[in-house]
Amino acid sequence: MTKLWANSGDSHLVEPDDLFTESLPAALAARMPRSEKSDDGQFETIFVDGQEFRRRMPKAGMLTDEEGRTVFERAPGANDKALRLVDLDGEGIWAELVYPSIGIWTSSIQDPDLLAAGSAAINDWAIEYQRFSPRYVCTATIPLLTPESAVAEIERAAGLGFKAAYFSVAPPNGVDDWNSAVWEPVWSALSETGLVCSYHIGTEPHDASSFNGAYFRGPGGAILNYMETTYGGQRAVSKMIASGVFDRHPSLKVMVSEGGATWGPFVADRLDEAYRQHSSMVRPQLRRLPSEYLYENVYASFQHDRSAVAAMTAMGWQNVCWGSDYPHIEGTFGHTQKTLHELFDDVAPDARRRIMVGAFAELFPHVPEAPADEA
Ligand code: MN
């Protein structure tokens with residue numbers, strides 16, 4: 001079987017347990033996110049700034065050991081810069097856009113000083129991965145409680161060498177949404193530094209009053225909740241396009257990770273229809289059709305979706321990327337080659353190279369080129 005190589009538009013670092021105790025004063029470290037797994041490995045509780053969220057671990061990561069116990073599977077290189085490259089080589093993954101893991105929960109922090117200090121601590125640690133290998137394109141965590149703190153960290157992150165900024169799909173609770181003018185300095189800072197605005201789906205701030213981040217219960221709840229996580233990236237992109245962010249910042253690029261890809265052409269059509277058919281109510285008017293911004297400024301990564309390749313080959317969206325979600329247990333670790341072959345064996349070489357390698361390389365031109373597929 002030919003070994004395929006792909007870039008990943010969706011991967012994660014796994015923060016060490018002592019990241020915050022080593023880098024922050026004890027009073028702050030105690031309020032930063034941390035995870036505790038139940039003894040049977042079935043549940044995880046996240047503690048963040050006085051809030052607790054308990055969730056069931058995804059089944060895909062469960063293995064049964066020789067004595068019949070359920071154990072938690074983890075990729076060997078999940079916590080190690082060098083071993084991680086061994087894992088990637090084995091899987092056929094070249095470069096990765098790498099998000100935090102526990103750091104994603106920073107979107108539930110409500111204290112601006114804590115969030116700014118915690119984000120800086122994550123970034124000072126994450127940039128060491130990128131310095132270790134150019135195959136790691138790490139996303140800087142951006143404190144979003146105030147636009148001023150966001151701009152300051154974007155500029156600091158760019159100085160450290162980051163090429164991408166991690167944004168939760170919705171701003172923290174109580175802060176104006178992405179279509180508000182308050183974010184204008186943030187879009188300017190991204191545009192001026194060239195950092196890619198990288199949204200990872202499922203990162204809305206959790207509200208302690210909701211059911212631990214799960215919004216549907218009863219029959220089908222697990223599927224419905226997973227489905228619900230899909231929409232956040234589409235909403236974020238729509239808000240940016242409709243409010244004219246790309247009119248004002250035509251070089252700004254956005255990535256939506258883990259949310260599939262076929263939504264792109266669909267959302268583009270809906271935005272255009274609104275823009276055209278409801279034009280008398282449309283403020284602001286845009287220089288170009290909404291779909292043109294989506295097709296040019298927005299990128300997306302998918303992992304298993306069978307229809308995603310057609311978003312490029314049949315619908316013409318060139319900015320479709322693949323993503324592994326390494327080392328998360330719902331990702332492709334252990335079956336990446338099988339997944340890539342199933343997705344791409346019947347796809348024409350140019351389209352296949354564009355999705356597996358090219359769209360990512362266009363966003364991050366500093367990354368060395370991925371190897372050719374190996375017969
Ligand atoms: Mn992911």
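In the predicted model, G92 adopts a positive phi of about 85 degrees just after helix α3. At the opposite end of this helix, which spans residues 81-91, D80 acts as the N-terminal cap. The capping contact runs from a side-chain oxygen of D80 to the backbone nitrogen of A82, over 2.9 Å.

Between these two ends, the buried residues of α3 are R84, L85, D87, L88 and E91. These residues lie on the same side of α3, because the arc they cover around the axis is only 160 degrees. An α-helix has 3.6 residues a turn, so residues three or four places apart point the same way. V86 and G90 are exposed and sit on the face of α3 turned away from the buried side. The partners against which the buried residues of α3 pack are two helices, α4 and α12 (336-344), and the strands β1 (6-12), β7 and β8.

One of the buried residues of α3, E91, is also in contact with T332. T332 is located in the loop that joins β13 (320-322) to α12. Its relative accessibility is 0%, and T332 therefore counts as buried. Apart from neighbours within four places in sequence, the contacts of T332 comprise E91, Q303, H304, W322, S324 and T339.

Internal voids were examined next. The structure contains 2 cavities of 30 Å³ or more. The largest cavity has a volume of about 70 Å³, and its lining consists of T106, S107, L115, I142, L144, Y166, F167, S168 and P172. Strand β9 (residues 164-168) makes the greatest contribution to this lining, with 3 residues. By class, the lining of the largest cavity comprises 6 nonpolar and 3 polar residues, and no charged residue is found there.

The second largest cavity has a volume of about 40 Å³. It is lined by L13, E15, V98, Y99, P100, I122, N123, W125, A126, T139 and T141. Two or more of the lining residues come from each of β7 (93-99), α4 (112-132) and β8 (136-141). These three elements also appear among those that pack against the buried residues of α3. Helix α4 gives the most to the lining of the second largest cavity, with 4 residues. The lining of this cavity divides into 7 nonpolar, 3 polar and 1 charged residues.

Open pockets were considered separately from the cavities. The second largest pocket encloses about 300 Å³ of space and is lined by 15 residues. Those nearest the centre of this pocket are Y226, T230, G259, G260 and D305. Among the elements, helix α7 (residues 221-242) gives the most to the lining, with 3 residues. The lining of the second largest pocket includes 6 nonpolar, 7 polar and 2 charged residues.

A further residue considered here is R270, placed in helix α9 (residues 263-277). The relative accessibility of R270 is 49%, so this residue counts as partly exposed, the cut-off for exposed being over 50%. R270 and S238 are 32 residues apart along the chain, and their C-alpha atoms are separated by 9.9 Å.

Key:
Residues are numbered from 1 along each chain as its sequence is written. This is a predicted model: local features need pLDDT of at least 70, side-chain atom pairs count only at pLDDT 80 or more; totals for chains, interfaces and linings use all residues. Side-chain values use heavy atoms; hydrogens and water are left out. On a 1 Å grid over the protein atoms alone, a cavity is a set of points where a 1.4 Å probe fits but cannot get out, and a pocket is an open set with protein on both sides within 12 Å along at least five of seven lines; lining residues have an atom within 4 Å of a point. Grid points are joined across faces, edges and corners, and a volume is the space filled by probe spheres set on the points. Ala, Val, Leu, Ile, Met, Phe, Trp, Tyr, Cys and Pro count as nonpolar, Asp, Glu, Lys and Arg as charged, and the others, Gly among them, as polar. Buried means under 20% relative accessible area, exposed over 50%, partly exposed in between (1.4 Å probe, protein chains only). The arc is that of the directions from the helix axis to the C-beta atoms. Contact means heavy atoms within 4.5 Å. A polar contact is a pair of N or O atoms within 3.5 Å; within protein, one must be able to donate a hydrogen and the other to accept it, and residues adjacent in sequence count only if both atoms are side-chain atoms.
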